[in-house]
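The following exercises are intended for a reader who meets this structure for the first time. Please attempt each task before reading its solution.

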Amino acid sequence: MSHETNGRGRQTASQLNGYSDGDLSSYALPDHRLRRKLDDSSKTPLVLVACGSFSPITNLHLRMFEMVADHVRFHTEYEIVGGYLSPVSDAYKKAGLASAKHRVAMCDLAVDQTSNWLMVDPWEAIQKEYTRTALVLDHFDHEVNVVRGGAETSSGERKRVHVALLAGADLIGTMSTPGVWSESDLDHILARYGAFIVERTGTDIDEALSHLQPWKENIHVIPQLIQNDVSSTKIRQSLKKAMSVRYLIPAQVIKYIQQHGLYIDDSAVPGIYSKENRSGTPTPDRVSDLEGLRS
């Protein structure tokens, strides 16, 4: 997979400090690694979007993109033209959630020198209110296809870019649990966009998929050939105990956490987040302790 960069449209995490909550007047989708032309004009261009807390981002979050990229290349008619991390806003009010500016900064550091196709979009992070996943995907669809006109083929034809959700297997488990997601949002996400789901130990994928039959053709399940059970929750717990997290999260992120004193005091590093302590948070359309992505 080759990747062009256009040198435009990059917004660094430091710019988050210039936003007042919800002020989008200076916002522009980062597109410095978004490819505008297909290598194979017969393929359908694809943008992957991972929504999550990323508190902090881990190597598994990054590996998931690469696992899905392999699956797309060998088993689908898609061609990836870009990938985005979309950190949730502070309005999510999850225990252990570092401020949006820190989480966006850590995501930026994680992909800056390690990837030539991943980007961090601050749009969701700067919202005053919690933003449902369906609306986040709508945002990317609008920015990539309406504002930027999709992708170009070798003949100059414009093709609509397909936007899809990337997530851990725990997500499918919550989607099949009654009352966690609204039926309208499930249909909007899975019928219009679809999802690439990376398997994770402890999640019964087949059982979960049995409850999502109307959308089964749009759900791509990717096995973890090399098992990785890292989660942000476990990282925070290790940091609280002053244990090493080297090689579990990017080195630049470790340095940032140390510089800013994140995840040290008890209030910032809880145990496993549970349904019992969700009082006061917006009714989620995605559970907050998704170990694969939202932990």
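**Exercise 1. The faces of helix 8**

On the other side of helix 8 from its buried residues, Ala 251, Lys 255, Gln 258 and Gln 259 are exposed. The model examined here is predicted.

Task: Determine which residues of helix 8 are buried and what covers them.

Solution.
1. Helix 8 spans residues 251–260, and its buried residues are Val 253, Ile 254, Tyr 256 and Ile 257.
2. Viewed down the helix axis, these buried residues fall within an arc of 160 degrees, so they line one face of helix 8.
3. A general property of helices is relevant here: an α-helix has 3.6 residues a turn, so residues three or four places apart point the same way.
4. The cover over the buried residues of helix 8 includes helix 2 (100–112) and helix 7 (232–240).
5. After helix 8 comes Gly 261, which has a positive phi, near 60 degrees.

**Exercise 2. Backbone features in the loops**

Task: State where Lys 93 and Tyr 263 are found, and classify each as buried or exposed.

Solution.
1. Lys 93 is found in the loop between strand 2 (78–87) and helix 2.
2. The phi of Lys 93 is positive, near 55 degrees, although the residue is not a glycine.
3. The cut-off for an exposed residue is over 50% relative accessible area. Lys 93 has 54% relative accessibility and therefore counts as exposed.
4. Tyr 263 is found in the segment after helix 8. Its phi is positive as well, about 60 degrees, and Tyr 263 is not a glycine.
5. The cut-off for a buried residue is under 20%. With 3% relative accessibility, Tyr 263 counts as buried.

Task: Identify the residues joined by a cis peptide bond.

Solution.
1. The bond joins Ser 55 and Pro 56, and its omega is about 0 degrees.
2. Pro 56 belongs to the loop between strand 1 (44–52) and helix 1 (59–75).

**Exercise 3. The nonpolar cores**

Task: Describe the largest nonpolar core and the elements that contribute to it.

Solution.
1. This core has 43 residues, of which Leu 48, Ile 57, Leu 85 and Phe 196 touch the most other members.
2. Elements giving two or more residues to the core include strand 1, helix 1, strand 2, helix 2 and helix 8. Strand 3 (118–120), strand 6 (162–168) and strand 7 (195–198) do so too.
3. Helix 1 provides the largest share of this core, eight residues.
4. Beyond its neighbours within four places in sequence, Leu 48 is in contact with residues including Phe 65, Val 68, Ile 80, Trp 117, Leu 166 and Phe 196.
5. A second, separate core has 39 residues, among them Tyr 27, Leu 171, Ile 189 and Ile 205.

**Exercise 4. The protein as a whole**

Task: Give the number of helices and strands, the share of buried residues and the number of disulfides.

Solution.
1. The protein has eight helices and eight strands.
2. Of its 295 residues, 55% are buried.
3. Among contacts between residues at least 6 apart in sequence, 79% join residues at least 24 apart.
4. The accessible surface comes to about 12900 Å², and carbon and sulfur atoms account for 49% of this surface.
5. The structure holds zero disulfides. Cys 51 is buried, with a relative accessible area of 5%, and Cys 107 is buried at 0% relative accessibility.

Note on methods: Residues numbered from 1 in each chain as written. Predicted model: local features only at pLDDT ≥ 70, side-chain atom pairs only at ≥ 80, totals over all residues. Heavy atoms only, no water. Buried < 20%, exposed > 50% of the residue type's maximum accessible area, 1.4 Å probe, protein only. Helix = DSSP H or I, 4+ residues; strand = E, 2+ residues; numbered from the N terminus. Arc of directions from axis to C-beta. Contact = heavy atoms within 4.5 Å. Areas by Shrake-Rupley, 256 points an atom, 1.4 Å probe, with all protein chains shown as cover. Core = buried A, V, L, I, M, F, W, Y, C linked by side-chain atoms within 4.5 Å. Disulfide = S-S within 2.5 Å.
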